[in-house]
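Got your viewer open? Let's walk through this one selection at a time.

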Amino acid sequence: MATNQHIPMIPLRGLIVYPKQSIHIDVGRQRSMAAVDEVMETDQLLYLVTQKQAATEQPSREDFYETGVIAKVTQLVKLPNNTFRLVVEGVYRAKHTEIIESKDVTYVNVETFDEQSGDPIMTESMARMITDQFTRYVKVAGRIPLDVIDTANELESASELVDFIASQLPFKMRTKQLFLQTFDMNERLELMLTHLKEEQEILIMEKRIGGKVKRAMEKTQKDFYLREQMKAIQQELGDKDGKQKDSELLREKIEAAHMPESTKALALKELQRYEAIPVQAAESSVIRNYLDWIVSIPWSNATVDRHNLKKAEQILNKDHEGLEKVKERILEFLAVQQLKGELKGPILCLVGPPGVGKTSLAQSIAKSLNREFVRMSLGGVRDESEIRGHRRTYVGAMPGRIIQGMKKAGTINPVFLLDEIDKMANDFRGDPSAAMLEVLDPEQNGTFSDHFIEEPYNLSDVLFVATANDLGGIPGPLRDRMEIIQLSGYTEMEKIAIAKNHLLPQQIEAHGLTKSQLQVRSDVLEQCVRYYTREAGVRGLNRLMASLCRKAAGKIVRDDQKKVIITTKNIDQFLGKKKFSYGQANAENIVGVATGLAYTTAGGDTLQIEVSVLPGNGKIQLTGQLGDVMKESAQTALSYVRSKQQTYGVTENYFEKHDVHIHVPEGAVPKDGPSAGVTMVTALTSAIINKAIRKEVGMTGEVTLRGRVLPIGGLKEKSLSAHRAGLTTIIIPKENERDLEDIPETVREQLTFHPVSHVEEVLQIALDGGNK
Ligand code: ADP
């Protein structure tokens with residue numbers, strides 16, 4: 001035992017410093033700071049002792065534990081708020097015997113004891129046990145960083161070990177102090193062992209309680225969810241009124257729809273199911289959707305037909321310029337229906353290029369019968385379910401287009417336009433034309449079955465009208481059920497009349513203008529037709545009229561003009577530069593270039609065939625994306641020309657020494673169809689004998705190997721396009737002579753037709769210097 005006199009002291013609050021331990025402490029009390037100041041001048045040794053109550057501001061003798069530690073100040077930082085931050089390191093344990101209060105600093109006299117080491121083996125084994133227990137504790141507790149285990153293992157003495165562990169464990173201050181004041185080494189080791197055990201037990205208990213708490217928490221959470229759900233259910237139950245009202249409304253609608261008994265029974269059954277299922281169930285909205293459809297398609301609502309042919313004629317005439325034959329056919333059709341008392345029998349099918357009035361004719365039929373009008377495009381329909389719908393089990397299932405159309409019509413007897421019936425495709429998803437057959441067959445369509453609706457639906461009161469661009473595109477069985485009415489393209493005169501009497505007045509009205517505000521001269525319309533459109537119908541022309549009106553409206557509103565007068569002089573201000581040149585005929589007679597006439601789904605068109613013959617070794621080249629039929633025509637034409645070799649006065653092995661190249665430019669015209677034979681022969685012959693072809697000649701006709709000219713189709717369309725292109729002499733097959741009467745007189749008068757039966761006659765006329 002030794003004593004030390006007069007050491008400055010600092011009381012600690014809530015903190016114990018053990019020997020060999022570095023710790024930083026903040027010092028703020030005046031006396032303590034004075035103490036620090038003093039030791040810094042001398043040996044930097046302080047006596048640190050902990051207050052029993054941390055809160056006591058000015059502790060007196062009894063307020064301290066009896067044992068403290070002599071510590072060295074190793075670092076001092078003066079903080080800006082006039083306090084000190086020290087790093088102190090414990091040196092040895094000490095017990096104060098006396099406390100001396102001077103004016104500024106408190107001093108103590110202390111006594112110190114030597115470390116009493118017991119039996120080293122005993123000490124070592126206890127130290128190991130402590131290390132083990134501590135290690136286990138740290139691992140399980142998870143609050144102390146794992147690297148303290150390493151630090152503990154590296155400590156040299158058992159004393160240090162216990163001090164270190166005491167500083168790390170979450171002991172109360174009193175216990176911590178106990179470790180400081182137990183000077184006997186063995187006693188301290190035992191103390192540590194008991195406390196470690198205790199701590200471990202506490203830990204186990206904590207874990208157990210933690211688990212329970214967690215379970216309790218989980219349960220409260222679960223209860224919360226259940227309660228929330230119950231709330232939703234209760235809300236649902238409370239909201240019974242809303243659903244009840246909904247199903248009552250549905251029931252009324254079902255009653256009012258006058259549907260067939262079996263359908264009604266089914267609808268009511270579904271309604272019951274709907275009532276029984278909670279709104280949240282996915283099935284509920286499926287049934288609701290079905291019921292919505294069932295009550296919104298017409299089951300009995302019908303318009304009363306107006307059987308008045310005079311009125312029908314008036315309406316057709318008012319809406320359409322010309323088309324005399326077509327109108328007559330339609331009126332006959334209506335007359336027959338009227339006589340029979342029902343509109344059953346063949347379906348009307350209007351066939352012709354786009355924009356010739358097929359849709360608007362069907363609309364007029366509806367108007368004259370006083371029926372609703374619906375339109376459904378079949379173009380690109382390739383799936384049977386588009387016509388017949390999807391089964392209800394599919395997510396987002398809907399009825400097919402027929403039922404959708406009926407819903408739109410709202411009556412059971414609308415005029416139903418099936419647009420572009422020739423553009424229906426079929427693939428692996430089923431053939432839509434089979435479904436269309438059922439729709440159009442009067443024997444079957446009384447019980448049309450839609451996959452979604454499931455109940456048979458009566459289509460027999462519907463008047464179906466179909467349209468097509470190309471008769472060939474309509475599947476045979478469908479075509480057999482239809483009464484075909486052909487419409488062809490319009491002549492220039494007809495187009496001008498349509499624009500003047502229909503399109504322009506309609507557009508003027510649609511744009512909110514009056515006739516006096518926009519005046520368009522007739523010759524302007526002629527220019528529109530000639531230079532701004534090239535088409536069989538009048539769609540483009542209609543668009544032009546719309547854009548004239550738009551521009552005029554702009555001028556009237558923006559520039560405050562009273563009226564706009566469009567003349568041939570200012571037309572390009574309104575429509576821009578001319579898009580087409582009128583008359584495509586070549587500017588001069590050319591060798592090897594013949595003008596053929598083609599028949600396309602968009603009307604007629606002219607088609608140039610170019611041939612050049614070059615020195616070579618008998619190769620034949622065909623270019624311009626020709627279809628198979630066209631290729632065959634070319635081969636046949638070539639064979640014919642070769643057979644005539646000696647009459648051309650060319651050398652005997654001419655074809656062995658020359659290559660022939662046949663080219664058909666102008667990518668837009670589908671180059672198929674069997675009517676280019678004569679044109680090929682003419683171009684070939686011209687190229688071989690080097691004689692130009694008359695530029696004003698157009699020709700059409702297929703040719704056989706012997707040179708016979710075979711008849712073709714679409715003479716009217718072809719003649720119209722020849723006229724449009726500015727040709728004047730047209731060579732046609734003799735057998736087509738009778739079709740000439742179909743050609744509008746205005747056009748016929750301006751063209752000279754040459755019916756021929758042999759290709760030599762064609763050459764006579766077409767080659768330069770031939771018959772005019
Ligand atoms: P399609 O169905 O044959 O493609 P539309 O019926 O849609 O043609 O006709 C296009 C536009 O041309 C419509 O506004 C239509 O009223 C008009 N039209 C077509 N032919 C005539 C005609 N002969 N008389 C008056 N307007 C016509």
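Start with the ligand: domain 4 (309-486) and domain 5 (492-575) both contribute residues to the shell around it, so the ligand lies between them. Keep in mind as you click around that this is a predicted model.

**Stop 1: the ligand shell.** Select the residues around the ligand and you should get 18, with Glu321, Gly355, Lys358, Thr359 and Arg539 coming nearest. Colour that shell by residue type and it splits into 7 nonpolar, 7 polar and 4 charged. Now switch to cartoon: helix 12 (358-369), helix 17 (492-510) and helix 19 (539-558) each supply at least two residues of the shell.

**Stop 2: the ligand oxygens.** Which side chain puts an N or O atom 2.4 Å from an oxygen atom of the ligand? Pick Arg539 and draw the distance from its side chain. Next, turn on backbone atoms for Gly355, where a backbone N or O sits 2.8 Å from a ligand oxygen. Do likewise for Ser360: a backbone N or O atom there lies 2.9 Å from an oxygen atom of the ligand. If you put a surface on, note that the ligand taken alone exposes 560 Å², and the protein buries 89% of that.

**Stop 3: Asp441.** Staying in domain 4 (309-486), jump to the loop between helix 15 (432-440) and strand 10 (448-449), which is where Asp441 lies. Is Asp441 buried or exposed? It is buried, because its relative accessible area is 9%, and the cut-off for buried is under 20%. Show the side chain of Asp441 as sticks and look for two partners. One of its polar atoms is 2.9 Å from the backbone nitrogen of Glu443. The Asp441 side chain also makes a polar contact, at 3.4 Å, with the side chain of Arg481.

**Stop 4: zoom out.** Colour by domain, using the assignment: domain 1 (2-112), domain 2 (120-206), domain 3 (243-296), domain 4 (309-486), domain 5 (492-575) and domain 6 (590-766). Drop a centroid on the C-alpha atoms of domain 4 and another on those of domain 6, and the two centres come out 40 Å apart.

Then take in the whole chain, which has 25 helices and 26 strands. Its radius of gyration is 53 Å, well over the 28 Å that the globule rule gives for 772 residues, so the chain is more spread out than a compact globule. Align the view to the principal axes and the C-alpha trace spans about 150 × 80 × 65 Å. For a last colouring, go by burial: 47% of the 772 residues in the chain are buried.

Technical notes: Residues numbered from 1 in each chain as written. Predicted model: local features only at pLDDT ≥ 70, side-chain atom pairs only at ≥ 80, totals over all residues. Heavy atoms only, no water. Domains from an automatic or database assignment. Near = heavy atom within 4 Å. Polar contact = N/O pair within 3.5 Å; in protein donor to acceptor, adjacent residues only side chain to side chain. Areas by Shrake-Rupley, 256 points an atom, 1.4 Å probe, with all protein chains shown as cover. Helix = DSSP H or I, 4+ residues; strand = E, 2+ residues; numbered from the N terminus. Nonpolar A, V, L, I, M, F, W, Y, C, P; charged D, E, K, R; others polar. Rg over C-alpha atoms; globule rule 2.2 N^0.38 Å. Buried < 20%, exposed > 50% of the residue type's maximum accessible area, 1.4 Å probe, protein only.
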